[in-house]
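Q: Please take me through one part of this structure closely, the sheet, and show me what surrounds it. I am new to this, so plain words would help.

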Amino acid sequence: MNDVVIRDADLGDLNAIMRLETETFATDAWSRDVMAAELASPSTQYLVAESGGVLVGYAGLSAPAGSEQADIQTIAVDPTHRRLGIGRVLLRQLLALAQSRGVVDVLLEVRADNPGAQRLYELNGFTAIAVRPRYYQPDDVDAIVMRFEVGS
């Protein structure tokens, strides 16, 4: 983790983000156009993690101005850099961004078949509040909706 740098993402990161997006979320990856729109939107903020100048993770927060709710859009870490704390650092920085924007609740969806991600969120104060059946397509995997109360 010592050689990892976290910084704001920009459109120049799109190719590297899309490489990791399609590798990580093979069956339900976002399209290049959707990701480009996310990076350009004033309502979202994305961070990237770099190691040795190579993008090894990214994460995004949607927090429209004036809204008391925000959504963690995505967090992805390259398999060769998992379990080093990068996902945790990205998550905590997104939560800090949410707090700086006056957000009260942060929501996210996580695949029911991804216990590692669920555990990351639980260890960082998220609680499961609902299930969205068959949310992730084409895999027919449920989404667990989780909530974090800012300031709690």
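A: Here is a walk through the sheet, followed by the helices around it and a few unusual backbone spots.

This is a predicted model, in which local features need pLDDT of at least 70 and side-chain atom pairs count only at pLDDT 80 or more, while totals for chains, interfaces and linings use all residues. Residues are numbered from 1 along each chain as its sequence is written, and side-chain values use heavy atoms, with hydrogens and water left out.

Let's set the scene. The protein chain has 4 helices and 7 strands; these are DSSP runs numbered from the N terminus, with helices being H or I of at least four residues and strands being E of at least two. Along the sequence they come in the pattern β-α-α-β-β-β-α-β-α-β-β. The radius of gyration, taken over C-alpha atoms, is 15 Å, close to the 15 Å from the globule rule for 152 residues, so the chain is as compact as a globular protein of that length; the rule is 2.2 Å times the number of residues to the power 0.38. Along the principal axes, the C-alpha atoms fill a box of roughly 40 × 35 × 30 Å.

Now to the sheet. It is open, with 7 strands in the order β1-β2-β3-β4-β5-β7-β6 and mixed pairing. At its edges stand β1 (4–8) and β6 (127–136), each with a single partner strand, so one side of each is left without a neighbour in the sheet. From one strand to the next, the twist averages 25°, where axes are lines fitted to C-alpha atoms, for helices over the stretch in contact, and angles run from 0 to 180 degrees between N-to-C directions. Strands of a sheet pair through backbone hydrogen bonds, either parallel or antiparallel. Here, two strands count as paired if DSSP finds at least two bridges between them.

Let's follow β5 (residues 105–111). On one side, β5 pairs in the parallel sense with β4 (residues 69–77) over 3 bridges. Across that pairing, Ala70 stands opposite Val106, and Asp71 stands opposite Leu107. β5 is also joined to β7 (residues 141–149), by 7 bridges, and these two run antiparallel; there, Asp105 has Glu149 as its bridge partner. Of the 7 residues of β5, 6 are buried, so the strand is largely enclosed by the rest of the structure. Buried means under 20% relative accessible area, exposed means over 50%, and partly exposed lies in between (1.4 Å probe, protein chains only). In the protein chain, 43% of the 152 residues count as buried.

Moving on, β7 is joined to β6 by 6 bridges, again antiparallel, with Thr127 opposite Arg147. β6 and β7 make a hairpin with 4 residues between them, and Asp140 in the turn has a positive phi of about 60°. Pro138 lies in this loop too, and the peptide bond leading to Pro138 from Gln137 is cis, with omega near 15°. Most residues other than glycine have a negative phi, and most peptide bonds are trans. Within β6 itself, Arg134 has a positive phi near 55° and is exposed, at 53% relative accessible area.

What lies across the sheet? Helix α2 (residues 32–40) lies across β2 (44–51), β3 (54–62) and β4, at about 105° to β2. One residue of α2 is Glu38, which counts as buried at 14% relative accessibility. Leaving aside residues up to four places away in sequence, Glu38 touches Trp30, Thr44, Tyr46 and Gln73, where contact means heavy atoms within 4.5 Å.

Between β4 and α3 there is a loop that holds Arg83. Arg83 is exposed, with 84% relative accessible area, and has a positive phi of about 70° although it is not a glycine. Then comes α3 (residues 86–100), whose 15 residues should span 21 Å at 1.5 Å a residue; its end C-alpha atoms are 21 Å apart, which agrees. The expected span is 1.5 Å times one less than the number of residues. Buried residues in α3 include Ile86, Leu90, Leu94 and Leu97. Just after α3, Gly102 takes a positive phi of about 80°.
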